[in-house]
Amino acid sequence: MADIALARPAAAASTTGSAWSRLRTSRGWLGFWFMLPAAAILLLFLAYPLAKGIWLSLTDTRIGRGGNFVGIENYEWLWDDSVFWLSVFNTLVYTGFASVAKFGIGLYLALLLNKRLPFKALIRSIVLIPFVVPTVLSALAFWWIFDSQFSIISWSLRHLGLLDHNIDFLGDPTMARICVTFANIWRGVPFIAITLLAGLQTVSPSLYEAATIDGATPWQNFRHITLPLLTPIIAVVMTFSVLFTFTDFQLIWAMTRGGPVNATHLMATLSYQRGILSGNLGEGAAIATAMVPFLIFAIGISWFGLQNRKWQTG
Amino acid sequence: MAATTTAHTPDDSEGMAYLDTLPKRVVTVYLPLFVILVVLLFPFYWMALTAIKPDDQLIDMETYNPFWVVSPTLKHITKLLFQTNYPLWLWNTMMISVAATVLSLFASVLAAYAIVRIRYKGAVAVGAAIFLAYLVPPSILFIPLATIIQAYGLYDSPFALVLVYPTILIPFSTWLLMGYFKTIPYELEECALIDGASRWQILVKIILPLAVPGLISAGIFSLTLCWNEFIYALTFLSSTQNKTVPVAVVSEFVDGDIYRWGSLMAGALVGSLPLVILYSFFVEHYVSAMTGAVKE
């Protein structure tokens with residue numbers, strides 16, 4: 001800023017190399033001014049908190065009270081904490097099952113939507129609605145569907161004669177895990193299906209025609225044409241899916257808040273509970289930071305997926 | 001849903017579909033598709049049905065068939081709109097979403113233009129860094145951000161969210177707009193530069209009018225992301241009148257009352273509808289935003 005104040009416009013008019021004209025026209029400075037708003041926001045509210053989170057995890061900060069540096073005490077504490085390990089286990093199981101199911105159903109739905117259909121555009125826009133509606137609000141609908149007393153699923157099963165009592169969907173640990181995983185799959189499938197569909201639409205139908213003339217079965221068509229051409233998009237989509245399933249918070253918070261007996265606590269919900277609700281910012285930050293290695297691992301896999309593509313295209 | 005009929009994607013995926021017979025198509029395509037659509041839409045049907053059901057029918061599942069409603073009522077919805085702070089929460093959500101979207105579009109347009117067209121030293125690395133920022137989830141940032149918000153004196157203020165949401169939106173919008181800007185021919189800019197236009201004039205008068213579809217896509221997608229955001233809003237806002245719809249519905253309506261379901265589902269329905277209506281007008285833009293950001 002001082003540079004601008006010092007450089008007089010009059011001087012700029014006479015000498016082309018003055019500071020003011022450099023600031024206005026030089027490529028580097030121009031780029032700097034254009035990048036400023038985005039960079040300021042991202043550095044201030046993304047990069048800085050990221051670093052601060054790691055620092056907080058090394059302190060015993062509580063809400064309303066500054067903390068002291070305690071080294072890796074928070075992590076040592078977590079290492080011996082069975083609830084923390086339960087949340088890690090839950091997160092891995094939740095992410096694993098949900099991602100595999102989302103990928104399978106999403107790819108299947110994408111293949112279905114890629115066929116010749118009446119009202120294709122309309123169906124596609126309907127499919128995406130679960131992704132558009134705020135997650136918390138649809139999670140509340142699931143909460144009501146999985147109610148212990150008035151669940152419509154229990155009612156239907158009882159009236160079909162398959163069951164003689166209500167299922168305690170969100171009260172039983174295993175059942176609760178299945179329910180939240182189902183809700184996550186329900187919410188994630190549209191995103192995966194529609195993005196994979198966009199990828200499928202770029203595959204030329206003549207490839208299939210040529211392969212079929214050469215005697216390829218539908219499975220061979222899928223295995224040797226569709227899948228290889230779709231791999232780069234699958235890599236990116238699944239990275240996003242794994243990333244956001246792993247760090248999921250709102251679905252769990254709206255449906256179970258981590259209960260029953262911590263059976264559905266994910267690392268993000270545990271971090272909120274310990275960090276914000278109990279006020280142990282340091283410990284909460286440590287749980288959040290513990291997610292980072294997993295995220296880097298997921299991004300690494302996607303990166304290798306993309307590298308593959310470069311290698312394939314030569 | 002009227003907008004969807006204007007979809008003009010060329011249907012060249014027909015391929016060899018004519019080889020399949022109708023019964024085979026029914027079993028392999030229509031039936032599975034129907035089942036998936038029913039599962040995807042059932043929660044919304046259930047939400048809407050519950051929102052207009054009288055209380056006695058909600059808890060008495062034996063006299064009435066629960067899949068339908070006899071003598072529907074608007075009681076839950078009117079109660080929501082006239083006896084709670086719901087209109088205020090809707091207004092908060094809308095204002096925060098619009099402000100955050102405008103702010104991040106402004107920042108993203110400048111950043112994307114600089115990366116693609118000014119190509120200053122290190123532009124490629126900055127582009128990659130912005131993509132990485134896309135991969136940082138809010139769940140690992142909310143605790144340190146809460147302390148930072150507190151330190152800036154923005155706690156319990158909507159401005160905190162207006163400033164923080166762009167961290168989710170800017171990486172995505174910048175990446176999307178970079179793709180749009182790349183498709184605009186250089187020659188247009190060269191002509192303007194020769195005629196003496198500044199970079200700013202080129203951006204405002206040439207690039208932006210050509211990138212309107214990209215701006216709409218980024219804007220619509222950003223709006224829905226803001227509306228959907230939960231963990232920051234839950235952490236940074238505390239007083240009832242400042243809350244956004246998702247947070248307010250979860251924290252204000254959830255009590256032990258057996259009759260709460262009607263108003264809870266009405267809250268969820270009314271909170272979703274504006275977004276679904278907006279989406280139905282801009283389906284194509286929304287889809288291109290979603291797929292474009294992934295494909296780049």
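1. Helices, as the term is used in this note, are DSSP runs of H or I with at least four residues, and strands are runs of E with at least two. The model under discussion is predicted. In chain B, the span of residues 89–116 is 100% helix and 0% strand, and its end C-alpha atoms lie 39 Å apart. Residues 159–181 of chain B are 96% helix and 0% strand, with 30 Å between the end C-alpha atoms. Both spans appear in the UniProt record, an unreviewed entry, under the annotation "transmembrane region", which covers residues 26–48, 89–116, 123–153, 159–181, 202–225 and 258–282 of chain B.

2. Chain A contains 17 helices and 0 strands. Of the 314 residues in chain A, 40% are buried. Among the contacts in chain A with a separation of 6 or more, 64% are between residues 24 or more positions apart. According to an unreviewed UniProt entry, the annotation "domain: ABC transmembrane type-1" covers residues 88–300 of chain A. That span of chain A is 75% helix and 0% strand, and its end C-alpha atoms are 20 Å apart.

3. The contact between the two chains involves 74 residues of chain A and 79 residues of chain B. On the side of chain A that touches chain B, helix α4 (residues 27–56) of chain A gives the most, with 17 residues. By class, this side of chain A consists of 54 nonpolar, 15 polar and 5 charged residues.

4. Helix α9 of chain A, residues 135–145, is mostly covered, with 11 of its 11 residues buried. Its buried residues include the aromatic-bearing positions F142(A), W143(A) and W144(A), together with L140(A) and A139(A). M255(A) touches this helix: leaving out residues up to four places away in sequence, M255(A) touches A139(A), F142(A) and W143(A), as well as L170(A), V180(A) and A183(A).

5. Which residues have the most contacts inside the largest nonpolar core? They are L140(A), A193(A), M255(A), Y113(B), L161(B) and M265(B), in a core of 156 residues. The largest contribution to this core, 15 residues, is made by helix α4 (residues 86–118) of chain B. L140(A) is also one of the buried residues of α9(A).

6. The domain assignment divides chain B into domain 1 (16–74) and domain 2 (84–295). Taken over C-alpha atoms, the centres of domain 1 of chain B and domain 2 of chain B are separated by 33 Å. Contact between them involves 8 residues of domain 1 of chain B and 8 residues of domain 2 of chain B. On the domain 1 side, the elements giving two or more residues are α1 (22–51) and α2 (55–59) of chain B. The largest share, 4 residues, comes from α1(B). This side of domain 1 of chain B has 5 nonpolar, 1 polar and 2 charged residues.

7. P137(B) merits separate attention. P137(B) is found in the loop between α5 (123–134) and α6 (142–151) of chain B. Is this loop residue buried or exposed? P137(B) counts as buried because it has 20 C-beta neighbours inside 10 Å, and the threshold for that class is 20 or more. Its contacts, leaving aside neighbours within four places in sequence, are with L243(A), F244(A) and T247(A). Within chain B, the C-alpha atoms of P137(B) and I168(B) are separated by 8.3 Å, although these residues are 31 residues apart along the chain.

8. Two backbone angles should be checked by the reader against the general pattern. Most residues other than glycine have a negative phi. R257(A), which is not a glycine, has a positive phi of about 55°. This residue lies in the loop between α14 (250–255) and α15 (267–277) of chain A. R257(A) is partly exposed because 16 other C-beta atoms lie within 10 Å, a count between the limits of 12 or fewer for exposed and 20 or more for buried.

9. The second case is R119(B), a residue other than glycine with a positive phi near 45°. R119(B) is placed in the loop between α4 and α5 of chain B. R119(B) counts as exposed because it has 12 C-beta neighbours inside 10 Å, and the exposed class takes residues with 12 or fewer.

How values were computed: Residues numbered from 1 in each chain as written. Chains lettered and ligands numbered in written order. Predicted model: local features only at pLDDT ≥ 70, side-chain atom pairs only at ≥ 80, totals over all residues. Contact = placed C-beta atoms within 7 Å. Nonpolar A, V, L, I, M, F, W, Y, C, P; charged D, E, K, R; others polar. Domains from an automatic or database assignment. Core = buried A, V, L, I, M, F, W, Y, C linked by C-beta atoms within 7 Å. UniProt positions renumbered as here; feature names shortened; annotations may be inferred.
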